[in-house]
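Here's a friendly walk through one protein model for anyone meeting it for the very first time. Have a look at the picture, then read on.

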Amino acid sequence: MTTKRHLLRNIDIIAHVDAGKTTVSEKILYFTGKIHKTIEVHEGGATMDSHNLERKHGITISSAATTVQWRDHAINIIDTPGHIDFGIDVRCALRVLDGAVVVFDAVAGVEPQTETNWRLANDHDVARIAFINKLDRAGADFGRICEEIRERLGVEPLPLQLPIGSEAEFSGMIDVLRQRALTWPQPDGREIHETDIPAELRETAETARTQILEHLANFDDEVAELFLNGETVSEDAIIRAIRRGVGEGAFVPVFGGSALKNKGVQPLLDAVVDYLPAPAESEEAPFAALVFKSAADQKFGHLSYVRVYSGELKPGETVWNPREAKRERVSHVYQMHATQKQAIESAMAGNIVALSGFKSARTGDTLCEPGHEIVLENIEVPEPVTSVVLEAVNRAEREKLSSALARMLREDPTLHLATHPETGQMLLSGMGELHLQMKREALEEEGLEVQFGAPLVAYRETLTQPCEITHRHKKQGGGPGQFAQVTIRFEPLPRGTGVEFESRISGGSISAEFIPAVERGIRERAQSGLLAGHPVVDFKATLLDGQMHSDDSSALAFQIAGNAALRLAAAESAPLILEPVMTVEVTTPGDHLGEVIGDLSRRRGMVLEQRDRGLAKQVVAEVPLAEMFGYIGDLRSVTAGRGEFSMAFAHYRQVPKQAMLEQMAAA
């Protein structure tokens, strides 16, 4: 690809599930000429949802990449899942992209996964524009969604469009900056009519434009000088000011429409070109890229999707993988369109491409030029919250299952495989019930016969009081003995911190070569638990002192001593068991509100908020994950099939005392 960087945009399309994200993606392909006919998402035929399971369930479960052309610009697009269980794809995409289109449901507004994705975009300084979709639906409210963006996302919305009509009367959008009315008179949406703004909306539109200029004047010196002196601010000056403000996160431009009805998509594409940034990499520096997605390919075995940050890469060249400390040869370089591949001659800085030929590269790996090693910032992977026990029906199936799981683990970094401590069965862990269900169905599609157990909650243990433990490990036998003595201080840390280790050894009381072994022993015990076999998290271990023997001390002895010290800390640190708690948003007809709240209360839920959502009511609550398995069936029962819910991980909290005692008794 030889597109100049200033004519290139790398964007993600993100949203909460069912906000219409995949429909927006489909219409972008249609209006840019990438496809010539759209198939509605609910029919299971979306171009970017190419996996059989995506078509079967009508949801996006894996990110897909494509490239489109608009106004002489190349736009690399990654369409990512909306469901929380597949949020790792959003996390990976935002790590490597420059901009994003955030799609909002005009009725539902700012939803949990949107908030989560917004925070991730903040973490990676990704520039954003907003598209309020489904303005033709009953209960749609453009102004209310703008207010929710301000209140719940903490950013100033800058409405560059206003809707003409609402709900069933929605007919088009006002271009506020150009003071023109835009309508789409034909069902295919290809033709845009520009007319004068309807008389009843002119004053509103003029006021909106003045407010935009006032806001830009507070931000941009060029606009301020012209506007405050009563001079005309040119369109180019406005675009430059908005682009800079978007890049700095000062505000988010807001657009609207109905993607399903082919209204509003072309101005959204214009906004991508005008307001989202171009990549700012160096073609002169040595090659460096980051793998943000791994996927199996029937013909080539495996594809590694990468963002190129510097240099150039051609087929047949060799790259260095610092994590593996090995060279790998690039067989092919592809530009992707969902699952379709187009071989290209090179990938330049700023490009998003897929590479084949790698035997071991996985998500988060840096690829660089041999002799010029660099390690790019890795992708943070959240811990799983749900597990299932799975077992092959016979030895032949076990070998096939192991191979299939190895491929899945390489593709999905949120998937973990371990051995059940009591039964020895395989324990597959993931981000939620739906996540593991999709993995089960994927295995079944391959013809594997696998037995799955009921979902299990990923409990954790933690310390609540500091303590200091001195432990001596001494063993004498017929051969060399074992000797190690350690003094370690254990103290609790804030939720979500993990496990930290520090050595304050001075004066050589313990040889430096044995200190990593003490840490290994502590982390080993932390994985085994102190109360009921759950991993111990959110504590710090500080190695204060110790003793060693010139003949009998070894790394193994100090590893055993570190392990035993944490085990002994259970008696003095008041450990407890934690459970994952989810933020649950339930949308229900108002006449079923009481039943919904009562059901959540029976699930140990704590209602945080109630609010109107168009013609319906919405309840926001925090509920332990253990109480949410199978919830959709119960919700449909109490709402006569009319209720919907979404769920996102919130935090870990202490389980009730009785539940903790039961888990300890069963351990």
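Cysteine 146 is buried, at a relative accessible area of 6%. Keep in mind that this is a predicted model, so that value is computed from predicted atoms. Cysteine 368 is buried too, with a relative accessibility of 0%. What keeps cysteine 368 from bonding to another cysteine? The closest cysteine sulfur, in cysteine 92, is 19 Å from the sulfur of cysteine 368, which is too far for a bond. Searching the whole structure turns up zero disulfides.

Now for the cores. In soluble globular proteins, nonpolar side chains tend to be buried together. Here the largest nonpolar core has 86 residues, and Phe104, Ile149, Ile242 and Tyr275 have the most contacts inside it. Helix α9 (residues 265-275) is the top contributor to this core, giving seven residues. There's also a second, separate core, with 27 residues, including Val518 and Leu530.

Want a closer look at one of those well-connected residues? Setting aside its neighbours within four places in sequence, isoleucine 149 touches residues including Phe104, Val110, Ala130 and Val252.

Next up is strand β1 (residues 8-15). Eight of its eight residues are buried, so the strand is largely enclosed by the rest of the structure. In a regular strand the side chains alternate between the two faces of the sheet. Both faces of β1 are covered: Leu8, Asn10, Asp12 and Ile14 are buried on one side, and Arg9, Ile11, Ile13 and Ala15 are buried on the other.

Who does β1 pair with, and how does another pair of strands line up? Here's a little table of pairings.

| Strands | Direction | Bridges | Residues facing each other |
|---|---|---|---|
| β1 and β3 (residues 73-79) | parallel | six | asparagine 10 and asparagine 76 |
| β1 and β4 (residues 99-105) | parallel | five | isoleucine 11 and glycine 99 |
| β28 and β29 (residues 482-492) | antiparallel | nine | histidine 473 and alanine 484 |

The last row belongs to an open sheet of four strands, ordered β28-β29-β32-β30, with mixed pairing. Its edges are β28 (467-475) and β30 (499-503); each has a single partner strand, so one side of each is left without a neighbour in the sheet. On average, neighbouring strands of this sheet are turned by 25° against each other, ignoring direction.

Two helices sit against these strands. Helix α12 (residues 515-528) packs on the sheet and touches β29, β30 and β32 (539-547), with its direction at about 155° to that of β30. Helix α13 (residues 555-569) lies across β28, β29 and β32, and runs at about 40° to β29.

Technical notes: Residues numbered from 1 in each chain as written. Predicted model: local features only at pLDDT ≥ 70, side-chain atom pairs only at ≥ 80, totals over all residues. Heavy atoms only, no water. Core = buried A, V, L, I, M, F, W, Y, C linked by side-chain atoms within 4.5 Å. Buried < 20%, exposed > 50% of the residue type's maximum accessible area, 1.4 Å probe, protein only. Contact = heavy atoms within 4.5 Å. Pairing = 2+ DSSP bridges. Disulfide = S-S within 2.5 Å. Axes fitted to C-alpha atoms, helices over the stretch in contact; angles between N-to-C directions.
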